[in-house]
Amino acid sequence: MVTMLAGTRKQLPVGLEAELASYRHSIFIETLHWQLPVVDGLERDQFDRPDTLYVVAKDELGVICGCARLLPTTQAYLLDEVFPHLMNGECAPHSPEVWELSRFSTKTTHETSALSREDARQHFCLLFAALVTAAMEHGATRLITFTAMGVERILRSIGMHAHRVGPPQLVDGKPVLAMWIELDAQTCQALNIQQDASIRLSH
């Protein structure tokens, strides 16, 4: 059973944000080899602020097995500040109804065997349902994100309302594209979210 928690640094249980920063280091730096800031084995950057909203998945052992970061586009955010070229000439959004999704992972650091395709898909959907719910609870009607092309295929196979901002571009030698994710009836149906009675998250 996977438990979802959502909140800012102060709203999360004591110590969870630091645990999350360690998990992010193991996933994004040790496994994926992203070039990111590191302090004492923790992965944090300038966008990990008091108003940053985190969604954390924990397995039945209480170990982090997934995460997502949500940033309001009314403040500085990653795509606008660091990767504006991925917007393909469009102006980066600045609206209380648009939030940025980044640092998304459904990996676990202690798997002894690989998840089946169906289990991995279910895990992906659970985390996405939690982050979409959290975003909507904060007034979002759409998300802006940038991701690998493989994630785009998963979103579309699930049936979510996601579409490209522009064509893929190389970041650190790998094709990456910016995408809109509409938090509408189509996306909620694909993730089994009731728009008028969103799933409960542990805060």
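## Phe 83 and its ring partner

Phe 83 is buried, because its relative accessible area of 18% falls under the 20% cut-off. The model is predicted.

The ring of Phe 83 pairs with the ring of Phe 146. Their centres are 5.1 Å apart and their planes meet at 55°, so this pair is tilted. Phe 83 belongs to the loop between helix H2 (78–81) and E6, while Phe 146 belongs to strand E7, so the contact ties together parts 63 residues apart in sequence.

## Phe 104, Phe 124 and Phe 128

A second pair joins Phe 104 and Phe 124. The ring centres lie 5.3 Å apart with the planes at 70°, so the arrangement is edge-to-face. This pair also links distant parts of the chain: Phe 104 sits in strand E6 and Phe 124 in helix H3, 20 residues apart.

Phe 124 is buried, with a relative accessible area of 6%. Ring pairs connect Phe 104, Phe 124 and Phe 128 into a cluster. Across the whole structure, the search finds 5 aromatic pairs.

## Helix H3

H3 runs from 117 to 137. Does its length fit or depart from what is expected for its residue count? It fits: at 1.5 Å a residue, the 21 residues should span 30 Å, and the end C-alpha atoms are 30 Å apart, so the two agree.

Many residues of H3 are buried, including His 123, Phe 124, Cys 125, Leu 127 and Phe 128. An unbroken buried run from Leu 127 to Ala 135 follows the sequence: Leu 127, Phe 128, Ala 129, Ala 130, Leu 131, Val 132, Thr 133, Ala 134 and Ala 135. After H3 comes Gly 139, with a positive phi near 95°.

## The largest pocket

The largest pocket holds about 1,400 Å³ of space. It is lined by 46 residues, and the closest to its centre are Phe 28, Leu 32, Trp 34, Phe 104 and Ala 148. Phe 104 thus appears both here and in the ring cluster.

Which elements supply at least two residues of this lining? They are helix H1 (16–31), strand E6 (98–105), helix H3 (117–137), strand E7 (142–148), helix H4 (149–158) and strand E10 (174–182). H3 gives the most, with 6 residues. By class, the lining has 26 nonpolar, 12 polar and 8 charged residues.

## Arginines over rings

Arg 103 lies in strand E6. At 6% relative accessibility, Arg 103 counts as buried. The charged end of Arg 103 sits over the ring of Phe 28, 6.0 Å from the ring centre. Phe 28 is itself among the residues closest to the pocket centre.

Arg 142 has a comparable placement: its charged end is over the ring of Trp 180, 3.7 Å from the centre of that ring.

## Positive phi outside glycine

Most residues other than glycine have a negative phi. Arg 103 is not a glycine, yet its phi is positive, about 50°. His 33 also has a positive phi, near 60°.

Is His 33 buried or exposed? His 33 is exposed, with a relative accessible area of 58%. His 33 is in the loop between H1 and strand E2 (38–39).

## Asp 59

Asp 59 occupies the loop between strand E4 (53–58) and strand E5 (64–72). Despite the loop position, Asp 59 counts as buried, at 11% relative accessibility. From Asp 59 to Ala 18 is 41 residues in sequence and 17 Å in space, C-alpha to C-alpha.

Notes
Residues are numbered from 1 along each chain as its sequence is written. This is a predicted model: local features need pLDDT of at least 70, side-chain atom pairs count only at pLDDT 80 or more; totals for chains, interfaces and linings use all residues. Side-chain values use heavy atoms; hydrogens and water are left out. On a 1 Å grid over the protein atoms alone, a cavity is a set of points where a 1.4 Å probe fits but cannot get out, and a pocket is an open set with protein on both sides within 12 Å along at least five of seven lines; lining residues have an atom within 4 Å of a point. Grid points are joined across faces, edges and corners, and a volume is the space filled by probe spheres set on the points. Helices (H or I, at least four residues) and strands (E, at least two) are DSSP runs, numbered from the N terminus. Ala, Val, Leu, Ile, Met, Phe, Trp, Tyr, Cys and Pro count as nonpolar, Asp, Glu, Lys and Arg as charged, and the others, Gly among them, as polar. The expected span of a helix is 1.5 Å times one less than its number of residues. Buried means under 20% relative accessible area, exposed over 50%, partly exposed in between (1.4 Å probe, protein chains only). Rings of Phe, Tyr and Trp (its six-membered ring) pair if their centres lie within 6.5 Å; planes under 30 degrees apart count as stacked, over 60 as edge-to-face and the rest as tilted. A charge sits over a ring if NZ of Lys or CZ of Arg is within 6 Å of the ring centre and within 35 degrees of the ring normal.
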